[in-house]
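Good morning, colleagues. Please look at the model on the screen while I describe one sheet, its helices and the relation between the chains.

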There are 2 protein chains.
Amino acid sequence: MNKKVKVAIVGYGNIGKYTLEAIKQSEDFSLAGIVRRNPNEEQPQELAGIPVVGSLGALKDVDVALLCVPTRSVEKYAVDALSRGVATVDTFDIHGDILELRRTLNDVACKHKTTAVIAAGWDPGSDSVVRTMMEAIVPRGITYTNFGPGMSMGHTVAVKAIEGVEKALSMTIPVGTGIHRRMVYIELKEGYSAGEVIQRIKEDDYFKHDETHVLIVDDVEALIDMGHGVHMTRKGVSGATHNQLLSFDMKINNPALTAQVMICAARAAVRLSSGAYTLPEIAPIDLLPGDREQWIKKLC
Amino acid sequence: MNKKVKVAIVGYGNIGKYTLEAIKQSEDFSLAGIVRRNPNEEQPQELAGIPVVGSLGALKDVDVALLCVPTRSVEKYAVDALSRGVATVDTFDIHGDILELRRTLNDVACKHKTTAVIAAGWDPGSDSVVRTMMEAIVPRGITYTNFGPGMSMGHTVAVKAIEGVEKALSMTIPVGTGIHRRMVYIELKEGYSAGEVIQRIKEDDYFKHDETHVLIVDDVEALIDMGHGVHMTRKGVSGATHNQLLSFDMKINNPALTAQVMICAARAAVRLSSGAYTLPEIAPIDLLPGDREQWIKKLC
């Protein structure tokens with residue numbers, strides 16, 4: 001029998017909840033506990049019987065910490081876990097900063113002889129694997145990644161962090177050839193002016209490169225649906241042969257897929273040698289449970 | 001500067017020709033020569049200046065042998081190359097026998113401290129990678145692989161090997177949910193009866209599991225087009241969340257894509273530790289030239 005992968009969920013927001021569900025469905029995993037900021041407050045029903053603690057150090061025998069924290073807190077929590085010799089999985093999603101995070105966490109992971117699988121959601125993440133395959137087998141040409149329509153969790157968190165925003169939803173609308181419109185719906189905090197808050201959102205790093213519309217609404221909750229999608233295309237050349245056409249599509253529940261990718265990455269984390277890895281650096285078969293031969297027989 | 005990957009093309013049929021084209025387009029490759037059965041006969045124009053020999057042993061400093069030979073000859077040529085310490089890439093395409101080939105070549109490769117990348121076309125091959133990703137991120141559900149319409153090279157070679165067949169074309173027609181019709185067009189050899197030859201084709205391992213129609217035609221050449229395609233779908237469950245919908249599509253020139261995948265596999269072959277590998281066992285980034293960081297920046 002293979003040993004189970006012992007994980008801790010660090011952060012129990014939206015992704016944390018779906019990660020708990022995914023762990024319950026994965027026979028090769030066991031849950032050591034959940035790390036929350038306020039472990040002594042009353043916990044939701046579904047956490048009955050699960051250790052809830054304030055720090056990873058309060059849990060024993062953790063193989064992998066699943067970092068279900070906002071992107072901008074990933075590095076801090078990852079460094080803490082790796083320094084304890086605990087492997088990490090994160091869903092860091094600022095594409096342009098992945099390389100830097102990889103360098104930082106690679107140093108810490110190597111020093112403590114453990115592993116970090118970074119940017120392991122669906123984009124960056126499983127989509128990155130598909131883009132890598134597309135680039136490899138059609139080496140000349142253009143790949144377009146078209147997201148949505150759907151709620152961007154990273155962008156929504158970013159809006160919520162902006163002064164004057166009470167509640168927020170950021171929808172990503174594909175307008176073709178990898179271009180997106182951001183439709184942002186917010187409830188204002190009392191005493192703030194719409195104009196100023198809207199300006200702050202439009203100037204944020206997450207939004208300033210895209211066409212962004214901000215709408216003030218009475219009830220953000222009533223608009224929220226976790227469905228999302230992607231349509232990736234590549235048209236190009238294999239060898240000297242033009243017009244090779246590839247596409248990859250998903251219509252999915254966003255946090256459920258993100259959580260499942262994290263589970264996959266955790267399997268790889270306990271198999272890899274020390275260091276930090278993005279998903280394209282991992283053999284896809286290492287994302288699956290059990291031994292290789294059964295999967296080769298089924299999937300090749 | 002990175003060293004170029006020195007390759008030999010073994011077999012110069014349809015795939016061999018496209019492989020030569022792909023090598024010419026790949027700056028990180030150099031061609032040591034081509035191994036053919038009749039090296040002393042007059043060679044086609046495009047081989048001017050390229051060493052054409054009768055055995056791999058007649059070429060020096062070969063890193064990887066690209067085995068562009070019929071599936072049923074792969075093992076023989078792979079064992080020969082691996083025993084010389086030369087890594088191999090093949091496009092072995094009998095799905096049910098891949099595991100056995102992997103075991104055989106793994107032993108030989110390990111013994112001679114080299115690598116074999118097997119079943120490295122597009123299916124099995126790059127499609128296997130996509131199926132693996134789909135299985136990992138949506139672990140419960142059904143994947144359907146729908147091929148075509150297009151010429152199946154493996155099936156066409158199989159028909160040509162049948163007694164009484166002068167020329168042949170086997171078309172794969174998708175009828176949905178992973179079920180295919182085989183449309184086989186043949187020219188009969190003189191003196192053979194259509195009925196007997198058709199019976200032999202329908203009883204062949206390649207055809208006996210599918211609905212197969214064999215048509216006798218005057219001119220097979222006039223029917224041949226190298227376009228092919230695949231439509232892969234998976235509908236299933238991530239964590240506890242149902243209705244996750246994934247699909248992957250290609251409309252491609254078949255031998256051109258196969259040749260390009262072989263080039264990708266050859267890059268991995270020189271990076272991997274000793275043994276035999278299918279594509280899902282290889283980090284996708286190792287299919288690309290140059291160093292990792294440039295690709296992480298571009299593709300993650």
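**Sheet, helices and symmetry**

In this predicted model, helix H6 (residues 194–203) of chain A lies across S9, S10 and S11 of chain A and runs at about 150 degrees to S11(A). Helices (H or I, at least four residues) and strands (E, at least two) are DSSP runs, numbered from the N terminus. Axes are lines fitted to C-alpha atoms, for helices over the stretch in contact, with angles from 0 to 180 degrees between N-to-C directions; contact means heavy atoms within 4.5 Å.

The sheet itself is open, with four strands in the order S8-S9-S10-S11 (chain A) and mixed pairing. Two strands pair if DSSP finds at least two bridges between them. At the edges are strand S8 (150–151) and strand S11 (211–216) of chain A, each pairing on one side only. Strand S10 (residues 180–188) of chain A pairs with S11(A) in the parallel sense over six bridges. Arg181(A) has Glu211(A) as its bridge partner in S11(A). Helix H5 (residues 153–160) of chain A also packs on the sheet, where it touches S8, strand S9 (165–174) and S10 of chain A.

I turn to the two chains. Chain B superposes on chain A (least squares on C-alpha atoms of residues with pLDDT of at least 70 in both) by a rotation of 180 degrees with 0.0 Å of shift along its axis, RMSD 0.0 Å. That is the relation of a two-fold axis.

Residues are numbered from 1 along each chain as written, and chains are lettered from A and ligands numbered from 1 in written order. Local features need pLDDT of at least 70 and side-chain atom pairs 80 or more, while totals for chains, interfaces and linings use all residues; side-chain values use heavy atoms, without hydrogens and water.
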